[in-house]
Amino acid sequence: MPIDIAAGLALSKNALDIVVAVRKAIREKKKLTDEEMRDYLETLQDKLVDVRTALLEADEENRALKGALAEARRMADFGAEFTKGEGLYWRDNFPYCPTCWDTERKPVRLGGPVHSGFGEVWQCPVHKVHHVTKQRH
Ligand SMILES: [Zn+2]
């Protein structure tokens, strides 16, 4: 079962409370039985295992989010250099699919061109939609 960061923090607080309670008992010269000590240690161990699990899961999620952010930044940086022409996005004289960019921020270079009497015909490899252009932009 996944443990979120807030639950992990609460568990670490519980663990600290146990340590504080045991230290207080020792300071007050209270004799803890072997069974009480074993209970404290087992509870402490269980909570630390859960805290460790929460940290591992948070680390994994953090790495995934950093990766997704880096990818989104890379895409945005790529798109920042687009120019517009004939309803398409252009970069280095090649057109990119406006639907892919506008809906998913994916810079998908159109395939082609195929030359026709109307101009150059391009096709989105994702949507399979054709675009005809008169010139490069
Ligand atoms: Zn597309």
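Welcome! A good place to start is where two helices touch: Ile5, Ala7, Gly8, Leu11, Ser12, Asn14, Ala15, Ile18 and Val22 in helix H1 meet Tyr40, Thr43, Leu44, Lys47, Leu48, Asp50, Val51, Ala54, Leu55 and Ala58 in helix H2. By class, this contact has 13 nonpolar, four polar and two charged residues. Please keep in mind that you are looking at a predicted model.

**The helix pair**

- Helix H1 covers residues 5-27 and helix H2 covers residues 34-80; their axes come within 9 Å and cross at roughly 155°.
- Angles over 145 degrees count as roughly antiparallel, and H1 and H2 are therefore roughly antiparallel to each other.
- The crossing in which H1 passes H2 is left-handed.

**The sheet**

- Further along the chain you will find an open sheet of three strands, ordered S1-S2-S3, with antiparallel pairing.
- Strand S1 (83-85) and strand S3 (94-96) are the edge strands, and each of them pairs on one side only.
- From one strand to the next, the twist averages 45°.
- Strand S2 takes in residues 88-91 and runs antiparallel to S3, to which three bridges join it.
- For a pair to look up in the structure, try Trp90, which stands opposite Pro95 in S3.

**The domains**

- The domain assignment of the protein chain gives two entries: domain 1 spans 5-78 and domain 2 spans 82-133.
- Between the C-alpha centres of domain 1 and domain 2 there is a separation of 51 Å.

Methods
Residues are numbered from 1 along each chain as its sequence is written. This is a predicted model: local features need pLDDT of at least 70, side-chain atom pairs count only at pLDDT 80 or more; totals for chains, interfaces and linings use all residues. Domain bounds come from an automatic or database domain assignment. Two strands pair if DSSP finds at least two bridges between them. Helices (H or I, at least four residues) and strands (E, at least two) are DSSP runs, numbered from the N terminus. Axes are lines fitted to C-alpha atoms, for helices over the stretch in contact, and angles run from 0 to 180 degrees between N-to-C directions. Angles under 35 degrees count as roughly parallel, over 145 as roughly antiparallel, 65 to 115 as roughly perpendicular and the rest as oblique. A crossing is left-handed if the near helix is turned anticlockwise from the far one by less than a right angle, and right-handed if clockwise. Two residues are in contact if their C-beta atoms, placed from the backbone, lie within 7 Å. Ala, Val, Leu, Ile, Met, Phe, Trp, Tyr, Cys and Pro count as nonpolar, Asp, Glu, Lys and Arg as charged, and the others, Gly among them, as polar.
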